[in-house]
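Q: Could you take me on a close look at a single part of this protein? I'd enjoy a connected walk through what sits where and what pairs with what.

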Amino acid sequence: MTESPPPTQPSDAVFDASKITRPDDSLLVYYALVAACTVIGFPFVFIPLWIRFKTLSYRFDDTGVSMCWGYFFRREVHLTYRRLQDIHVTRNIVERWMGLSKLPLQTASGTAGATMQIEGIRDPEPLRDFLYAQMRGARNDSLDPESVDSDDQVLGVLTEIRDELRRIRNVPEGDDR
């Protein structure tokens with residue numbers, strides 16, 4: 001009996017980030033392992049992590065990425081693709097063993113850490129590439145020809161103002177033209 005080769009995705013398949021709405025289920029196992037490391041504090045550490053896992057959701061749309069979590073204290077973060085500055089893929093040794101990863105998204109804000117951290121992702125590279133493409137596309141969209149024309153108009157008005165101020169500065173006092 002011959003085995004059929006595993007199905008492969010076509011090379012031109014487009015990654016659809018909108019299908020990622022929740023972290024992978026093995027993130028809960030990871031949270032349990034993290035909480036078990038505290039031994040005595042297991043319930044105090046695991047319960048907030050369990051609530052976080054149960055309520056954690058992601059949304060990728062045309063404008064940006066959103067993440068929300070929390071039961072008693074609901075937190076929602078929305079980052080537009082234009083604000084994104086840097087995207088990393090991080091994995092500690094346990095996450096690598098479990099096949100999980102995190103994608104910290106950084107903006108130009110003054111915080112030292114990531115503004116948003118997408119966690120519990122199985123295959124992060126296509127998502128990272130998607131976010132980079134969206135980030136570059138959002139920046140390139142701002143360079144449309146209409147804005148360049150309006151920039152030229154603004155530059156022209158500012159040049160006229162500068163020239164008028166120079167002319168006024170060179171006119172002697174009492175000389176009204």
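**A close look at L103 and strand β2**

A: Happy to, starting with the surroundings of one residue. Beyond its neighbours within four places in sequence, L103 is in contact with I87, H88, V89, M116, Q117, I118, I121, P124, L127, R128 and L131. Please keep in mind that this is a predicted model. L103 belongs to strand β5, which covers residues 101-107. Its relative accessibility is 0%, and because buried means under 20%, L103 counts as buried. Among its contacts is L127; the two lie 24 residues apart in sequence, with 8.8 Å between their C-alpha atoms.

Now let's turn to strand β2, residues 64-69. Six of its six residues are buried, so β2 is largely enclosed by the rest of the structure. The side on which a residue points makes no exception here: G64, S66 and C68 point one way, V65, M67 and W69 point the other way, and all are buried.

What does β2 pair with? One partner is strand β1, residues 57-60, which pairs with β2 in the antiparallel sense over four bridges. Within this pairing, S57 stands opposite C68, and a hairpin of three residues joins β1 to β2. Another partner is strand β3, residues 75-80: it runs antiparallel to β2, and six bridges join them. Here M67 of β2 stands opposite V77 of β3. The hairpin of β2 and β3 has five residues between the strands, and in it G70 takes a positive phi near 110°.

Technical notes: Residues are numbered from 1 along each chain as its sequence is written. This is a predicted model: local features need pLDDT of at least 70, side-chain atom pairs count only at pLDDT 80 or more; totals for chains, interfaces and linings use all residues. Side-chain values use heavy atoms; hydrogens and water are left out. Helices (H or I, at least four residues) and strands (E, at least two) are DSSP runs, numbered from the N terminus. Buried means under 20% relative accessible area, exposed over 50%, partly exposed in between (1.4 Å probe, protein chains only). Contact means heavy atoms within 4.5 Å. Two strands pair if DSSP finds at least two bridges between them.
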